Amino acid sequence: MTLDINEILADMLNAIKGSVKDDWSVVKKSANNFIQSKKDRLELLANMRITGAIDNDFFEKRLADEKEILTSELHSIAIVNKVMAQNAANAAFKVLENVITTALII
Amino acid sequence: MKTKVLIFASCLLMTLNSCISLKLVPDYSEAIETQIIQTQKQNENLYTGLLELPQEKRTYSSVSKEYLEIESNINSILFQYQSREKNEDFVKMGKLLKDNFVQYKKEHKDKKTLNDGEISLYVAYINGFWQPLLTAEKALKNIKN
């Protein structure tokens with residue numbers, strides 16, 4: 001089995017970008033950290049297979065784990081995103097609350 | 001009449017304070033963050049410790065106690081996730097970590113021993129499951145009240 005690390009990373013980056021759409025700038029730092037770790041991991045995996053340190057069965061299992069790691073990363077990015085959304089919504093509610101308070105006092 | 005208006009206004013303000021706030025994520029927990037950092041370190045030590053041994057001595061039974069201790073800590077993190085509100089993403093991440101930790105433990109048991117390459121990859125892959133947990137918990141520090 002051939003392993004095109006750049007292609008895999010590009011696909012995964014697109015999956016992450018697709019999941020956050022307009023909020024990419026918010027989660028960019030976390031996503032880039034995940035992609036860098038993924039790159040290092042896949043290079044190590046490919047290197048170990050090429051040098052014969054691991055057999056094909058082990059190689060295939062770890063490659064399959066990448067899908068589960070990506071799932072976990074997407075949940076993590078969803079949390080980063082939700083924190084930002086919660087902050088934005090509550091800041092807006094605070095403005096509304098202040099306006100109503102002021103109106104009631106007047 | 002003025003008293004009635006003031007009572008109504010106070011009630012309205014109290015209602016606004018309690019109802020008009022959105023909660024999408026759980027509150028940050030320093031205890032959970034610390035436990036994630038410590039258990040990840042323990043998990044990495046398990047594997048790097050094996051690298052110090054000759055390959056024939058890297059048996060499952062030589063580190064079974066460490067495996068059980070780490071698994072117990074992962075269960076504790078998962079339990080704490082399950083106990084807090086707005087926990088869906090955290091519980092899923094915790095379960096993925098646990099399932100894969102148990103899978104790697106089983107592989108070690110079945111293989112009897114591990115070579116250097118396999119150990120390096122177990123470290124890299126289990127850390128791949130730890131990293132999202134830590135990123136997510138740290139993100140909760142940014143919640144503004």
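Helix packing within and between chains A and B

Guide: In this predicted model, helix 2 of chain A meets helix 3 of chain A through Val26(A), Val27(A), Ser30(A), Ala31(A), Phe34(A), Leu45(A) and Arg49(A) on the helix 2 side, and through Phe59(A), Arg62(A), Leu63(A), Glu73(A), Ser76(A), Ile77(A), Val80(A), Asn81(A) and Met84(A) on the helix 3 side.

Visitor: How are the residues of the contact of helix 2 of chain A with helix 3 of chain A divided by class?

Guide: That contact has 10 nonpolar, three polar and three charged residues.

Visitor: Why are helix 2 of chain A and helix 3 of chain A called roughly antiparallel?

Guide: Their axes come within 10 Å and cross at roughly 170°. Angles over 145 degrees count as roughly antiparallel, and helix 2 and helix 3 of chain A are therefore roughly antiparallel to each other.

Visitor: What makes helix 2 of chain A roughly antiparallel to helix 5 of chain B?

Guide: The axes of helix 2 (residues 24-50) of chain A and helix 5 (residues 116-139) of chain B come within 10 Å and cross at roughly 170°. Set against the cut-off of 145 degrees, that angle makes helix 2 of chain A roughly antiparallel to helix 5 of chain B.

Visitor: Which residues make the contact of these two helices?

Guide: Helix 2 of chain A contributes Ser30(A), Phe34(A), Ser37(A), Arg41(A), Leu44(A), Leu45(A) and Met48(A). From helix 5 of chain B come residues including Gly117(B), Ala124(B), Tyr125(B), Gly128(B) and Thr135(B). By class, the contact of helix 2 of chain A with helix 5 of chain B comprises seven nonpolar, seven polar and one charged.

Visitor: How many residues does each chain give to the contact between chain A and chain B, and which element of chain A gives the most?

Guide: Chain A gives 35 residues and chain B gives 33 residues. On the side of chain A that touches chain B, helix 2 and helix 3 (56-105) are the elements giving two or more residues. Helix 3 of chain A gives the most, with 26 residues. The chain A side divides into 18 nonpolar, 10 polar and seven charged residues.

Visitor: How do you know that helix 2 of chain B and helix 5 of chain B are roughly antiparallel?

Guide: The axes of helix 2 (residues 30-51) of chain B and helix 5 of chain B come within 10 Å and cross at roughly 175°. With over 145 degrees as the criterion, these two helices of chain B are therefore roughly antiparallel to each other. Among the residues of their contact are Ile36(B), Tyr47(B) and Leu50(B) of helix 2 and Ile119(B), Trp130(B) and Leu134(B) of helix 5. By class, this contact of helix 2 with helix 5 of chain B has 13 nonpolar, three polar and five charged residues.

Notes: Residues are numbered from 1 along each chain as its sequence is written. Chains are lettered from A and ligands numbered from 1 in the order in which they are written. This is a predicted model: local features need pLDDT of at least 70, side-chain atom pairs count only at pLDDT 80 or more; totals for chains, interfaces and linings use all residues. Axes are lines fitted to C-alpha atoms, for helices over the stretch in contact, and angles run from 0 to 180 degrees between N-to-C directions. Helices (H or I, at least four residues) and strands (E, at least two) are DSSP runs, numbered from the N terminus. Angles under 35 degrees count as roughly parallel, over 145 as roughly antiparallel, 65 to 115 as roughly perpendicular and the rest as oblique. Two residues are in contact if their C-beta atoms, placed from the backbone, lie within 7 Å. Ala, Val, Leu, Ile, Met, Phe, Trp, Tyr, Cys and Pro count as nonpolar, Asp, Glu, Lys and Arg as charged, and the others, Gly among them, as polar.
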